[in-house]
Amino acid sequence: MKVNEIFLSIQGEGVSTGFPTIFIRFTGCNLRCSFCDTKYSYEDGEEMSVEEIYNEVKKFKYKRVCITGGEPLLQEDLSKLLYLLKEYEVNIETNGSVDLGKYRLLPNHRFTMDMKVPSSMESKKMIFTNFKYLKDRDEIKFVIGTREDYEWAKEVIKKYYRKGIITFSPVFNKIEPKEIVNWILQDNLDVRFQLQIHKIIWEPDEKGV
Ligand SMILES: C[S@@+](CC[C@H](N)C(=O)[O-])C[C@H]1O[C@@H](n2cnc3c(N)ncnc32)[C@H](O)[C@@H]1O
Ligand SMILES: Nc1nc2[nH]cc(C(=O)O)c2c(=O)[nH]1
Ligand code: SF4
Ligand SMILES: [Mg+2]
């Protein structure tokens, strides 16, 4: 497996925001989102075996892991790693362009599926049939930069939503958070708004936090 970084921080995004979490960031992505804050993960990294990664994770005292990237579902051995992490609470961040049909996650493991909106320039690659595999504990995430993105997200929810927690968040520094919040409340949408808190706690472009 090709690993870009492994670090301990607090979860800065999504439904477990604020909890101490061990991050495993894999190298390589099949998309090139316009706003991607992790471009350094496209190429840089070192080969590690599943066992080596697990041994690094075990050095930390926490039992919560976030698997991200890059796109972690491009890693062939991911299912083996998930098996070793069977005692851990695991969140896998995925970009909506990889078929989730072949994964059978443990009850303490879940997906955050990010549906890429038009301003990402990658929305045409989204696989909408993935919605049928999601469970109540999974997260469906929309990172919004424009009103068009917001309207697109609303349509996608109306058409495909079955189960899971929906979150809306702003593209960092591209749009005022309160703009999105106002739209949500005007439309009576029952979605969870969130900010990337690690970019408030640390410098926004700091690595390894
Ligand atoms: C770096 S990606 C890695 C996982 C996977 N490739 C994906 O896109 O979901 C992790 C999360 O960071 C979000 N993200 C990346 N750049 C961002 C930005 N500039 N502002 C807000 N969120 C951003 C992505 O939308 C995604 O939800
Ligand atoms: N603190 C912190 N929380 C995060 N949640 C998801 C992240 C990611 O890059 O996928 C991330 C990250 O890079 N840092
Ligand atoms: S899918 Fe994720 S890692 Fe890949 S370019 Fe988009 S935000 Fe960046
Ligand atoms: Mg990040």
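**Three ligands and the largest pocket**

Ligand 1 sits in the largest pocket. Before going on, I should say that this is a predicted model. I will begin with the pocket, then take the ligands in turn, and end with two backbone features.

The largest pocket holds about 930 Å³ of space. Its lining is made up of 46 residues. Those nearest the centre of the pocket are Glu13, Arg25, Asp37, Thr38 and Gln196. By class, the lining splits into 18 nonpolar, 13 polar and 15 charged residues.

Which elements supply at least two residues of that lining? They are S1, S2, strand S4 (64-68), strand S5 (89-94), strand S7 (139-144), strand S8 (165-170) and helix H5 (198-201). The largest share comes from S1, and that share is three residues.

Now to ligand 1 itself. Its shell counts 21 residues, and the closest of them are Phe35, Gly70, Asp114, Lys116 and Lys141. The shell divides into six nonpolar, seven polar and eight charged residues. Two strands, S5 and S7, each give at least two residues to this shell.

I have three polar contacts to show for ligand 1. In one, an oxygen atom of the ligand lies 2.7 Å from an N or O atom in the side chain of Lys116. Lys116 is also one of the closest residues just listed. The other two go to the backbone. A polar backbone atom of Asp37 is 3.0 Å from a nitrogen atom of ligand 1, and a polar backbone atom of Phe172 is 2.9 Å from a nitrogen atom of ligand 1. How much of ligand 1 does the protein bury? Taken alone, the ligand exposes 540 Å², and 93% of that is buried by the protein.

Next, ligand 2. Ligand 2 also sits in the largest pocket. Strand S1 (2-10) and strand S2 (20-26) are the elements that give two or more residues to its shell. The full set of surrounding residues is Ser9, Ile10, Gln11, Gly12, Glu13, Phe23, Arg25, Thr68, Glu93, His198 and Val209. Glu13 and Arg25 are on that list, and both are among the residues nearest the centre of the pocket. By class, the shell of ligand 2 has three nonpolar, five polar and three charged residues.

Where are the polar contacts of ligand 2? A polar side-chain atom of Gln11 is 2.5 Å from a nitrogen atom of the ligand. For Ile10 the contact is through the backbone, where an N or O atom lies 2.8 Å from a nitrogen atom of ligand 2. Thr68 uses its side chain, with an N or O atom 2.6 Å from an oxygen atom of the ligand. On its own, ligand 2 has 320 Å² of accessible area, and the protein covers 93% of it.

Ligand 3 brings us to the same pocket again, since the space it takes is the largest pocket. Around ligand 3 are Cys29, Leu31, Arg32, Cys33, Cys36, Tyr42, Gly70, Asn95 and Lys116. Three cysteines can be picked out of that list: Cys29, Cys33 and Cys36. The shell consists of five nonpolar, two polar and two charged residues. Gly70 and Lys116 appear around ligand 3, and both are also among the closest residues to ligand 1.

Gly70 leads to the backbone. What is the peptide bond from Gly69 to Gly70, cis or trans? The bond is cis, with omega near 20°. Gly70 is placed in the loop between S4 and helix H2 (78-84). The second backbone feature is at Asn173, which has a positive phi of about 65° although it is not a glycine. Asn173 is found in the loop between S8 and helix H4 (177-186). As background, most residues other than glycine have a negative phi, and most peptide bonds are trans.

Last, the second largest pocket. The space in it comes to about 160 Å³. The lining is formed by Leu100, Tyr103, Arg104, Leu105, His109, Phe111, Tyr133, Lys135, Arg137 and Asp138. These divide into five nonpolar residues, one polar and four charged.

To close: ligand 1, ligand 2 and ligand 3 are each placed in the largest pocket.

Notes: Residues are numbered from 1 along each chain as its sequence is written. Chains are lettered from A and ligands numbered from 1 in the order in which they are written. This is a predicted model: local features need pLDDT of at least 70, side-chain atom pairs count only at pLDDT 80 or more; totals for chains, interfaces and linings use all residues. Side-chain values use heavy atoms; hydrogens and water are left out. A residue is near a molecule or strand if one of its heavy atoms lies within 4 Å of it. A polar contact is a pair of N or O atoms within 3.5 Å; within protein, one must be able to donate a hydrogen and the other to accept it, and residues adjacent in sequence count only if both atoms are side-chain atoms. Accessible areas come from the Shrake-Rupley method with a 1.4 Å probe; for residues, only the protein chains shown count as cover. On a 1 Å grid over the protein atoms alone, a cavity is a set of points where a 1.4 Å probe fits but cannot get out, and a pocket is an open set with protein on both sides within 12 Å along at least five of seven lines; lining residues have an atom within 4 Å of a point. A molecule sits in a cavity or pocket if more than half of its atoms lie within 2 Å of its grid points. Helices (H or I, at least four residues) and strands (E, at least two) are DSSP runs, numbered from the N terminus. Ala, Val, Leu, Ile, Met, Phe, Trp, Tyr, Cys and Pro count as nonpolar, Asp, Glu, Lys and Arg as charged, and the others, Gly among them, as polar. Grid points are joined across faces, edges and corners, and a volume is the space filled by probe spheres set on the points.
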